[in-house]
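Me: I've got this model open and would like a close look at a single part: the open sheet of five strands and the helices that go with it. Could you walk me through how that part is put together?

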Amino acid sequence: MSVDVVTFGCRLNAAESEVIRREAERAGFDDTIVVNTCAVTAEAVRQARQTIRTLRRERPRAKIIVTGCAAQTEPQTFTAMAEADQVLGNTEKLDGAAWAKARAAFGLGDTQKAVVNDIMAVRETAAHLISAFEGHTRAFVQVQNGCDHRCTFCIIPYGRGNSRSVPMGAVVDDVRRLVDNGYREVVLTGVDITSYGVDLPGAPKLGRLVRQILKHVPELKRLRLSSIDSVEADDELLDVIAQDARLMPHLHLSLQSGDDLILKRMKRRHSREDAIRFCETVRRLRPDVVFGADLIAGFPTETEEMFQNSLDLVEACGLTHLHVFSFSPRPGTPAARMPQVSPAIVKERSKRLREHGGEALRKRLNAEIGATRRVLTESHGTGRTEQFIQVKLAGPFEPGRILDLTMAGHDGRQLLAA
């Protein structure tokens, strides 16, 4: 048996899981499960621990290695688990030499169970040179890692380090290789991709990178961006959004709240009005665009009036796809020391915000009925439109095809193709 990787969290983790699988197999691991964790919420860490225990019961003889952001930020949590054999940090999980060393030491009683080095000391990020993504019809290309900002709720900079960018030429080569291998859609990933290039010679911005990819890989059918920080979006990026249909009309925004005082307490860099203005500007440039957003319910000191401003932001920005986080204090962050909202209220507000997002999605689905959309087919009889709306296909299709399909209806969460 080879290496299985269980992935939690973001698209960047999904991209890195393919590197993990490759490097672990090259190092000689077999009958091994690698759990690539997420640290964004306490619930994400709890789910990782629960999964590790379940995996040990199901595969008692397998080697279980824990890595990812939670392993980086709280390695002691996983070294204390008898079910985990080894713990690797976020730098080590992508390093072939670290995997080889881990394999050589495996099972030796006097070796260190956790190898987790100082992520803040990392200054560069290299291209991963991945050729395929198991089980995915779209490919993920890491263009950036880490974050220089210190939002008061966020533990991720301590799991990922400071912002660092992959050189532009290496990104273009990565995309070209994936397209040559048959991928029709590529997703650019990172922790804070709108900070791209600040550490590179000449400080090229994300817009320049996107333009160069589309120019030098003309065979690429669809280019998609993962989550962006709207206040950092540069003018060239807006120009590309307006001018090149191959850049998908779907932007997922890191908004977090619709209330200005909460945004200040979060140490965000935008106001409510900034978010609304950005969405209006992009919609003017690209009328078919659809927006998603990350929103946090129950941030410390949030009143009902402040929460209502987040609910209202869904309509004000015309959001369709919501990713709702129930606030949970992460040890070591400033927000953990602020006056907390009661867990019952956090849970109730999260539920209301998700329901509000569901209503916004259904409204969008209603507007899609009768329209013909270009759909990238996936496994299990589903696909995605250019706006990232899920489509249930009328019949089985080979994954990875792009089809023009008419939308006949919806079931409340996905479109139904005729």
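Reply: Let's start at one end of the sheet, where Val 87 stands opposite Ala 114 in E5. Keep in mind that this is a predicted model. The strands behind that pair are E4 (residues 86-88) and E5, which run parallel to each other and share two bridges.

Zoom out and you get the whole sheet: five strands in the order E1-E2-E3-E4-E5, open, with parallel pairing. E5 (114-115) is one of the edge strands and E1 is the other, each pairing on one side only. On the helix side of the story, H1 packs on this sheet, where it touches E1, E2 and E3 (63-68). The direction of H1 makes about 160° with that of E1.

Now go over to the E1 edge. E1 (residues 3-7) pairs with E2 (residues 32-37) in the parallel sense, over five bridges. If you want a spot to click on, take Asp 4, whose bridge partner in E2 is Ile 33. To get from E1 to E2 the chain passes through H1 (residues 11-26), and here's the bit to check by eye: this β-α-β crossover is left-handed. As for what holds neighbours together in general, strands of a sheet pair through backbone hydrogen bonds, either parallel or antiparallel.

H2 is the other helix worth a look. It covers residues 42-58, and its 17 residues should span 24 Å at 1.5 Å a residue; the end C-alpha atoms sit 25 Å apart, so the length agrees with expectation. Which residues of H2 are buried? They are Ala 44, Val 45, Ala 48, Ile 52, Leu 55 and Arg 56. These buried residues take up an arc of only 115° around the axis, and therefore lie on the same side of H2. The spacing rule behind such a pattern is a familiar one: an α-helix has 3.6 residues a turn, so residues three or four places apart point the same way.

What lies over that buried side? The cover includes three strands of our sheet, E1, E2 and E3, along with the helices H3 (69-73) and H4 (75-79). Turn H2 around and the face pointing away from its buried side carries Arg 57 and Glu 58, both exposed. Arg 56, by contrast, is on the list of buried residues.

So, in short, E1, E2 and E3 are touched by H1, and these strands are also among the elements covering the buried residues of H2.

Terms used:
Residues are numbered from 1 along each chain as its sequence is written. This is a predicted model: local features need pLDDT of at least 70, side-chain atom pairs count only at pLDDT 80 or more; totals for chains, interfaces and linings use all residues. Side-chain values use heavy atoms; hydrogens and water are left out. Two strands pair if DSSP finds at least two bridges between them. Helices (H or I, at least four residues) and strands (E, at least two) are DSSP runs, numbered from the N terminus. A crossover is right-handed if, with the strands pointing away from the viewer, the path from the first strand over the helix to the second runs clockwise. Contact means heavy atoms within 4.5 Å. Axes are lines fitted to C-alpha atoms, for helices over the stretch in contact, and angles run from 0 to 180 degrees between N-to-C directions. The expected span of a helix is 1.5 Å times one less than its number of residues. Buried means under 20% relative accessible area, exposed over 50%, partly exposed in between (1.4 Å probe, protein chains only). The arc is that of the directions from the helix axis to the C-beta atoms.
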